[in-house]
Amino acid sequence: MRKIGNSEGVIIPKEILDQLGLGAGDSLELSLKDGGLLMHPTDADFARQMEHAQRFMDQYKVALKKLAE
């Protein structure tokens, strides 16, 4: 762990980054499991699509609720 500004950072060995196809500027999704930390590469296209879907659902919440009935 290293101090980076007001945060802490984790150093990931190059061999692991190469295996995952990750590099500087890429994003990781973090989750907790069994007292440990899981890291997965973030799919930027999927995240963007989900953001658009959420906006659509927020905008048409009433209509979608009626359709579900």
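How many salt bridges does the count come to? In this predicted model, the count comes to two salt bridges. Confidence is described here before each bridge is taken in turn. The mean pLDDT of the protein is 88. A value of 70 or more is reached by 100% of the residues. Confidence is lowest in helix H2, where the mean is 84. It is highest in helix H3, residues 61–68, with 92.

One salt bridge joins the side chains of Lys 14 and Asp 18. The N to O distance is 2.9 Å. Both residues belong to helix H1, which covers residues 14–20. They are four residues apart, or about one turn of the helix. Lys 14 counts as exposed, because its relative accessibility is 56% and the cut-off for exposed is over 50%. Asp 18 has a relative accessibility of 49%, so it counts as partly exposed.

The other salt bridge pairs Glu 51 with Arg 55. Their closest N and O atoms are 3.0 Å apart. Both residues lie in helix H2, residues 44–59. Because Glu 51 and Arg 55 are four residues apart in that helix, about one helical turn separates them. Glu 51 is partly exposed, with a relative accessible area of 49%. Arg 55 is also partly exposed, at 46% relative accessibility. Helix H2, which holds this bridge, is the element of lowest mean confidence.

Aromatic contacts were treated next. The count comes to one aromatic pair. Phe 56 and Tyr 60 form this pair. Their ring centres are 4.9 Å apart, and the angle between the planes is 45°. The pair is therefore classed as tilted, since stacked requires under 30 degrees and edge-to-face over 60. Phe 56 is partly exposed, with a relative accessible area of 45%. Tyr 60 is partly exposed as well, with 39%.

The strands come next. Asp 34 sits in the loop between strand E3, residues 28–33, and strand E4. Its phi is positive, at about 50°, although Asp 34 is not a glycine. The relative accessible area of Asp 34 is 75%, so this residue is exposed.

Strand E4 spans residues 36–41 and includes His 40. His 40 counts as partly exposed because its relative accessibility is 39%, between the cut-offs of 20% and 50%. Beyond its neighbours within four places in sequence, His 40 is in contact with Ser 27, Leu 28 and Glu 29. For His 40 and Glu 29, the C-alpha to C-alpha distance is 5.1 Å. These two residues are 11 residues apart in sequence.

A further pair, Leu 20 and Pro 41, is 21 residues apart along the chain. Their C-alpha atoms are separated by 7.6 Å. Leu 20 is located in helix H1, the helix that also holds Lys 14 and Asp 18. With a relative accessible area of 45%, Leu 20 is partly exposed.

How values were computed
Residues are numbered from 1 along each chain as its sequence is written. This is a predicted model: local features need pLDDT of at least 70, side-chain atom pairs count only at pLDDT 80 or more; totals for chains, interfaces and linings use all residues. Side-chain values use heavy atoms; hydrogens and water are left out. Helices (H or I, at least four residues) and strands (E, at least two) are DSSP runs, numbered from the N terminus. Buried means under 20% relative accessible area, exposed over 50%, partly exposed in between (1.4 Å probe, protein chains only). Contact means heavy atoms within 4.5 Å. Rings of Phe, Tyr and Trp (its six-membered ring) pair if their centres lie within 6.5 Å; planes under 30 degrees apart count as stacked, over 60 as edge-to-face and the rest as tilted. A salt bridge is a side-chain nitrogen of Lys or Arg within 4 Å of a carboxyl oxygen of Asp or Glu. pLDDT is the predictor's confidence in each residue, from 0 to 100.
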